[in-house]
Amino acid sequence: QVQLVESGGGLVQAGGSLRLSCAASGGTFSTLAMAWFRQAPGKEREFVAAISSTGPTTYYAESVKGRFTISRNNVQNTITLQMNSLKPEDTAVYSCAARPGLLRAKYDDYNYWGQGTQVTVSS
């Protein structure tokens with residue numbers, strides 16, 4: 001019902017920045033809580049950041065606080081993840097997720113997922 005498409009991944013040196021985007025279609029975007037997760041090879045999927053349906057509430061993993069910022073545009077039906085001061089340990093496939101209602105920090109709580117975009121941070 002809801003389709004999500006990520007973009008903006010790539011290769012960046014440690015200390016650099018990237019901006020990821022997620023475009024949503026097939027649903028009422030303004031009713032969806034949105035989140036970013038990431039998964040590195042051999043590791044569990046990890047919560048990164050989430051934002052409430054209208055935008056006033058955000059929540060971040062401790063590992064990215066102060067470096068990453070999640071935002072949304074309910075007119076363009078998009079969310080973004082601004083990533084600054086990137087570290088090699090940020091290397092992962094980053095996926096956009098959506099659910100109706102309140103934001104959550106566990107992947108099992110999300111109904112819809114994008115295909116993921118690769119972020120590689122070199123040292």
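Contact here means heavy atoms within 4.5 Å. With that in hand, let us start at Gly 15, which touches Ser 85 and Leu 86, not counting residues up to four places away in sequence.

This is a predicted model, in which local features need pLDDT of at least 70 and side-chain atom pairs count only at pLDDT 80 or more, while totals for chains, interfaces and linings use all residues. Residues are numbered from 1 along each chain as its sequence is written, and side-chain values use heavy atoms, with hydrogens and water left out.

Gly 15 sits in the loop between β2 (10–13) and β3; strands are DSSP runs of E with at least two residues, numbered from the N terminus. Gly 15 is exposed, with a relative accessible area of 54%; exposed means over 50%, buried under 20% and partly exposed in between, using a 1.4 Å probe and protein chains only. The C-alpha atoms of Gly 15 and Ser 123 are separated by 8.9 Å, although these positions lie 108 residues apart along the chain as a sequence separation.

**Strand β9 and its partners**

Now to β9, where the setting is quite another one. Seven of the nine residues of β9 are buried, so this strand is largely enclosed by the rest of the structure. Two strands pair if DSSP finds at least two bridges between them, and the table gives the pairings of β9.

| Partner of β9 | Bridges | Sense |
|---|---|---|
| β4 (residues 32–39) | eight | antiparallel |
| β10 (residues 112–113) | two | antiparallel |
| β11 (residues 117–122) | three | antiparallel |

Tyr 94 stands opposite Thr 117 in β11, and Ala 98 has Tyr 112 of β10 as its bridge partner.

**Arg 99**

Which residue stands opposite Arg 99 in β9? That residue is Ala 33. Arg 99 is buried yet has no salt bridge, and the nearest side chain of opposite charge, Asp 109, is 5.5 Å away. A salt bridge would need a side-chain nitrogen of Lys or Arg within 4 Å of a carboxyl oxygen of Asp or Glu. A polar atom of the Arg 99 side chain does lie 2.5 Å from the backbone oxygen of Leu 102. Beyond neighbours within four places in sequence, the contacts of Arg 99 include Thr 31, Leu 32, Arg 104 and Tyr 110.

**The nonpolar core**

The largest nonpolar core (buried Ala, Val, Leu, Ile, Met, Phe, Trp, Tyr and Cys residues joined through side-chain atoms within 4.5 Å) has 38 residues. Those with the most contacts inside this core are Met 34, Trp 36, Leu 81, Met 83 and Tyr 94. The largest share, six residues, comes from β4.

Key
Lys and Arg count as positive and Asp and Glu as negative; His and the chain ends are not counted. A polar contact is a pair of N or O atoms within 3.5 Å; within protein, one must be able to donate a hydrogen and the other to accept it, and residues adjacent in sequence count only if both atoms are side-chain atoms. Helices (H or I, at least four residues) and strands (E, at least two) are DSSP runs, numbered from the N terminus.
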